[in-house]
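Please work through the following exercises with the sequence and the model at hand. Each task is followed by a solution in steps.

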Amino acid sequence: MSQGPSPAAELPPSHCLPGRAAALAAAFIAWRRGSPGRGPALRALSRARRQVRPGRGDSTVNCTAEVLYHLGNKNAAPDVQFTIEGELKNTDEADNLFYNRIKSLKNELVAENVPDSYGNVPPEMEPIRALAWAASGYVIWQISTENTKYQLAQIKHVKQVKRSDEYLEFDYKILLHENVSQEIIPWQMTVLWHPQHGTEVTQNSRQPQHV
Amino acid sequence: MNMKLMIEQGQVWLYNRIVQMKHSVQIYPHPSWIICTKMWLFLGMTFSLGILIPGKLSLNLQYDGDQVLHIVPETFQQVQHLQHLCSTSMLDLWKPQLPEDIQAGEDLHIRVPAPLVQEVKDSLDQHMISYKVLIHDVQELVDESMPKQRSHRQIPEGYNYTEYHPMEEIYKWMTQIQESNSELVTQHHLGKTIENRTIYYLQISQPSNKPKKIIWMDCGIHAREWISPAFCQWFVKEILQNYKSDAMIRRFLQNLDLYILPVLNVDGYIYSWEAERLWRKNRSPYMNGTCYGTDLNRNFNSSWGSVGVSYNCTSEIFCGSGPESEPETRAVAQFIEKKKTDILCYLTIHSYGQYILTPYGSTTTPPSNNEELMHVAQKAAAALMGKHGTSYKVGSTSSILYSNSGSSRDWAHMIGIPFSYTFELRDNGTHAFTLPSDQIQPTCEETMLAVTTIIDYVDQKYFPGGAVMLTSGSLSLSLCLSVVFTWIAS
């Protein structure tokens, strides 16, 4: 698979390029629409099939996305346009609950290894994980090319940074899994969030490989 | 002995276990400890639920929102009020057992059903009785500690197939499986890892005079893909539990021997438990021990080193110093090479991504039997999806994933094994390598269907005899019947 297809060619959904583009689109949408109250999800590519996530009763909402990779300029993030068919579940209640909970903490929140080795996420850490999912969507969008497929693999470390204003700030050290090289890439991101103002990544950088 | 007393005893025991459980969760014990405690709790729950007043309560008691309050009454008036409250409101006294035993200065634990919680708390406030909430939601605690419902008996007794197991436990499991199923299962030494650990495979073979063909399945070539060894163990358990009752399994075991390798990359698997959860490769030292690990699935002699690899040891797809440079690779390759004329099917199990992958990764040129390979894979994916709705993509590695050389699946097909597949199990990336254990069962159930579809196809293709026999049987039966009717009629 050394060359890309001709521009006008229709690719079958199972071809690797749509798979990578879908993952990128999902990451972008996660950043745009994600929040502590909305966890991660990407289901089967290009088929309108109702799939229930194990253990939960949520139904799937279909999204179409268009991804434009800038083949000439490797440093430019791909363009992503998306349309969500229907409504995403409203997460205001969960978001506000999380916001108030964190605001009222006496000590800054600190956590490691989310999920743990067994895939477990304590219920109170779910919003932290969902926020990381949303924020990593931004990072993944920025670094993706047509030769990469990134996933958030794990939060190694997260620390809240207390602020005097109304925003919540978290400093994350995450691990990204890159599916083509199979690499696990440590990444740092500073995340700002507010229930009304959404998610912002104010700082992010690749970290040295843990030797 | 009266019913009420038995229930109370059961609840007291259950309560003790819940408190112990709560305690143990806070101090994060070793996972096997939790399994032990969960088993105790399960036994406790069975005990207490098994003798419920028939008709009044069902086996699935719900304690949603129920709270357990801890009170230390200070005065006699408070004691009286509490006794009154317990008897009139039908509150569930956990400590002491009877209202008459409530005393000032002594601990009182009562379970308050959810609808009464506010009312009771108001009443306590009114009477200036201070309380503490000991358990905020009884059902939550019960749920946390309940093991999954299993409809089958465990083989061996007590082994939990819906949890991830460290290597030591898998070694023990293999020994026990052979011991308790010795008529069918033998454990064999395949080779040694770079750190000198033994690689074992299990052979499931129905005793018979006729020569058999072989199905090979290996798991755990990549350390971090924990769902893979979990599936191999599940598969063995399912075969051993159902080979007498399941017609399809019975049929193919007449003709096929199953060779199952639960963990190929033993060193890497252990390393992912003890040091680095997301480790992938083996633990081969390079560059004077400054760099570790070869990607075993880039190390086989199938266009080795040509595409989709790195020659740098620091890479996750480092292909090693040469084809079959690693002892783990050699152990598998030598064995399969020796038996290749009898091996009809080579399956290798990975995660994640939800794919059934056909040859090749090293080239886009399709294999000679591509159409049939795709047809069977699609059948398998359809069977898989029928179970829980999980969608798998089917196709060659090079077209739907990426290019890679040196994979075991490519090599197996290249040396002549016709049905060679790579499975990438759940999920799609949401949990990636850290698939939660509550997904082990559904993943294994659906994958079982896919794998048995493939084995069944191979069996029917190479041993079509059974079908013919059936036809001649029904022919002779209808012949008999027509003779009888003719005779009656005449």
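The exercises below treat the cores, a buried acid, the chain interface and the salt bridges.

The model is predicted: local features need pLDDT of at least 70, side-chain atom pairs count only at pLDDT 80 or more, and totals for chains, interfaces and linings use all residues. Residues are numbered from 1 along each chain as its sequence is written, chains are lettered from A and ligands numbered from 1 in the order in which they are written, and side-chain values use heavy atoms, with hydrogens and water left out.

**Exercise 1. Identify which residues of the largest nonpolar core touch the most other members.**

Step 1. A nonpolar core is a set of buried Ala, Val, Leu, Ile, Met, Phe, Trp, Tyr and Cys residues joined through side-chain atoms within 4.5 Å. Buried means under 20% relative accessible area, exposed over 50%, and partly exposed in between (1.4 Å probe, protein chains only).

Step 2. The largest core has 88 residues, and those touching the most other members are Trp216(B), Phe235(B), Leu258(B), Ile336(B), Tyr421(B) and Phe423(B).

Step 3. A separate second core comprises 43 residues, including Ala25(A) and Ile140(A).

Step 4. Contact means heavy atoms within 4.5 Å. Not counting residues up to four places away in sequence, Tyr421(B) touches, among others, Tyr346(B), Glu372(B), Arg409(B) and Ile454(B).

**Exercise 2. Describe the surroundings of Glu178(A).**

Step 1. Locate the residue: Glu178(A) belongs to strand E5 (residues 168-178) of chain A. Helices (H or I, at least four residues) and strands (E, at least two) are DSSP runs, numbered from the N terminus.

Step 2. Look for a charged partner. A salt bridge is a side-chain nitrogen of Lys or Arg within 4 Å of a carboxyl oxygen of Asp or Glu. Glu178(A) is buried but has no salt bridge, and Arg20(A), the nearest side chain of opposite charge, is 6.5 Å away.

Step 3. Look for other polar atoms: the backbone nitrogen of Val180(A) is reached by the side chain of Glu178(A) at 3.0 Å.

Step 4. Beyond four places in sequence, the contacts of Glu178(A) include Asn147(A), Lys149(A), Tyr150(A) and Ile185(A).

**Exercise 3. Characterise the interface between chain B and chain A.**

Step 1. Contacts link 39 residues of chain B with 35 residues of chain A.

Step 2. About 2,800 Å² is buried between the two chains, 51% of it on carbon and sulfur atoms. Buried area is the accessible area (1.4 Å probe) that two parts lose on being put together, summed over both.

Step 3. On the side of chain B, Leu278(B), Tyr402(B) and Thr430(B) lose the most area to chain A, together 18% of what that side buries.

Step 4. The rule finds zero salt bridges across this interface.

**Exercise 4. Explain what the salt bridge of Asp66(B) and Arg111(B) ties together.**

Step 1. The structure holds 18 salt bridges over all chains. In one of them, the side chains of Asp66(B) and Arg111(B) meet at 2.6 Å, N to O.

Step 2. Asp66(B) lies in the loop between helix H2 (31-50) and strand E1 (67-71) of chain B, and Arg111(B) in strand E3 (residues 108-112) of chain B, so the pair ties together parts that are 45 residues apart in sequence.

Step 3. Asp66(B) and Arg111(B) are both buried.

Step 4. For another pair, take Arg197(B) and Glu195(B), whose closest N and O atoms are 2.8 Å apart in a salt bridge. Arg197(B) is partly exposed at 27% relative accessibility, and Glu195(B) is partly exposed at 38%.

How values were computed
Lys, Arg positive; Asp, Glu negative; His and termini not counted. Polar contact = N/O pair within 3.5 Å; in protein donor to acceptor, adjacent residues only side chain to side chain.
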